[in-house]
Amino acid sequence: MTTVPVSADAPADLPLAVGLPVTKGHGTQNDFVLVDDRDGLLDLTAPLVRELADRRAGLGGDGVIRLVASRLLPEGSAVLAEDPSATWFMDYRNADGSVAEMCGNGVRVFAAFAQRLGLWDADDELVLGTRAGVRRVRRVPVPAGLDDDVWYAVDMGRWSVPGGDEAVQAGFDAQVHVPGLDDVRPALSLDVGNPHTVLALAGPDELAAADLTRAPEVRPVPPHGTNVELVVPLAEDHAADGTLVGHVAMRVHERGVGETRSCGTGACAAAMAVRTWAGAGAPDVWLVDVPGGTVRVTALPDGHVELAGPAVLVATATVDLTAVAGSAGR
Ligand SMILES: N[C@@H](CCC[C@H](N)C(=O)O)C(=O)O
């Protein structure tokens, strides 16, 4: 990571500004500020994250992603023990400055960033570290009918229902009140490396009526907070090769952010919840429509879940750290 003076040619009576080179990217409009800190020199404090992510006083994003060598982080040692080829680590922070274990859309955007930096040859698999463990990314064809330029598929690891068989049998283990909707609704908790609570709504009108400017109230209160996904099952279809493909629409309220236009781990949780509710014979492959686009979720035979979707890098910039300092939340 290098910081550069951004006003070297400014008049001498102006204070020297220090610039942080960043890249802005998104995956189905879940957007991030990305920082190349491969040598681990940046002190990415919670206030700095909030300043970078601030949409008015900063650059703006749902989160900040720092690319750093795994060997330089305590969390990186566990990852390197799991797979020594996980050279690079995705240090993910929510817009409020909190640390999150995992970000599914972020992993794809991280891959595009690593490729741009010359750290990954997209003909190979990218093996990277995250706080939820090692993740593997490969480039895959863009599905017919979508106009994205590139898609990546990520093995998101093992998904689980922390409530176990009892929760799976009942179909729920939590109650959620969503502002804008009348009743308290049953919901299912899932872990996809980070925590999720998924509830099904009656249809598109209810999905539109939900007020996600405020956090849904989840009971029992999840000890580490939760992301909340509202889903509406849509009609199943068959892919060209005959595979049965499930389909859901989803909105999400993210822990540490608020409503976002997409959440990759949330899409995995939503698809696996609906698949659980549907029982035997349910599809393994799901399309998840979010406000920012469409991603594909596949239940893999080994209990892992795969997330596929686009990643776009939209800008490179230099953030003036002296200008954003103390600005977030003003
Ligand atoms: N948008 C991400 C999830 C980011 C972390 C989440 N807000 C949390 O705190 O768990 C995704 O695409 O998965």
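Two residues are in contact if their C-beta atoms, placed from the backbone, lie within 7 Å. The model shown is predicted, so local features need pLDDT of at least 70 and side-chain atom pairs count only at pLDDT 80 or more, while totals for chains, interfaces and linings use all residues. Residues are numbered from 1 along each chain as its sequence is written.

**View 1. The whole chain, with seven helices and 20 strands.** Helices (H or I, at least four residues) and strands (E, at least two) are DSSP runs, numbered from the N terminus. The chain has seven helices and 20 strands. Its radius of gyration is 20 Å, close to the 20 Å that the globule rule gives for 330 residues, so the chain is as compact as a globular protein of that length. The radius is taken over C-alpha atoms, and the rule is 2.2 Å times the number of residues to the power 0.38. Along the principal axes, the C-alpha atoms fill a box of roughly 70 × 45 × 40 Å. Of the 330 residues, 44% are buried (20 or more other C-beta atoms within 10 Å of the residue's own; exposed means 12 or fewer, and partly exposed is in between; C-beta atoms are placed from the backbone). Among contacts between residues at least 6 apart in sequence, 66% join residues at least 24 apart.

**View 2. Domain 1 and domain 2 where they touch.** Domain 1 covers 4–157 + 312–324, and domain 2 covers 164–302; these bounds come from an automatic or database domain assignment. The C-alpha centres of the two domains lie 26 Å apart. Across the boundary, 21 residues of domain 1 are in contact with 21 residues of domain 2. On the domain 1 side, helix H3 (104–116) and strand E8 each supply at least two residues. That side has eight nonpolar, ten polar and three charged residues (Ala, Val, Leu, Ile, Met, Phe, Trp, Tyr, Cys and Pro count as nonpolar, Asp, Glu, Lys and Arg as charged, and the others, Gly among them, as polar).

**View 3. Cys 103 and Cys 263, listed as "active site".** The listing comes from an unreviewed UniProt entry; its positions use the numbering followed here, feature names are shortened, and annotations may be inferred rather than shown by experiment. The two residues are spread over 161 residues of sequence, yet they cluster in space, with a largest C-alpha distance of 7.6 Å. Cys 103 sits in the loop between strand E5 (88–94) and H3. It counts as buried because it has 29 C-beta neighbours inside 10 Å. Leaving aside neighbours within four places in sequence, Cys 103 is in contact with Gly 63, Tyr 92, Gly 264 and Thr 265. Cys 263 is in the loop between E16 and H6, and it counts as buried because it has 36 C-beta neighbours inside 10 Å. With the neighbours within four places set aside, the contacts of Cys 263 are Asn 30, Asn 105, Asn 227, Val 252 and Glu 254.

**View 4. Asn 30 and Arg 255, from the "binding site" list.** The unreviewed UniProt entry lists several residues under this name, including Asn 30 and Arg 255. Asn 30 belongs to strand E3 (residues 30–36). It is buried because 32 C-beta neighbours lie inside 10 Å. Beyond four places in sequence, its contacts include Asp 62, Asn 105 and Cys 263. Arg 255 is placed in the loop between strand E15 (244–254) and strand E16 (258–260). It has 22 C-beta neighbours inside 10 Å and therefore counts as buried. Its contacts, neighbours within four places left aside, are Asn 94, Gly 225, Thr 226 and Asn 227.

**View 5. Helices H3 and H6.** The 13 residues of H3 should span 18 Å at 1.5 Å a residue, and the 19 Å between its end C-alpha atoms agrees. The expected span is 1.5 Å times one less than the number of residues. H3 is mostly covered, with eleven of its 13 residues buried; among them are Gly 104, Asn 105 and Phe 110. Gly 118, with a positive phi near 80 degrees, follows H3. H6 (residues 264–278) has 15 residues and reaches 21 Å from first C-alpha to last, close to the 21 Å expected. In H6, eleven of the 15 residues are buried, including Gly 264, Thr 265 and Met 272. Just after H6, Gly 279 has a positive phi of about 75 degrees.

**View 6. Trp 159 and its surroundings.** Trp 159 is in the loop between strand E8 (151–158) and helix H4 (164–170). It is buried, with 23 other C-beta atoms within 10 Å. Val 305 is 146 residues away along the chain, but its C-alpha atom is separated from that of Trp 159 by 6.5 Å. Apart from neighbours within four places in sequence, Trp 159 is in contact with Leu 190, Asp 191, Val 192, Cys 268, Met 272 and Val 305.
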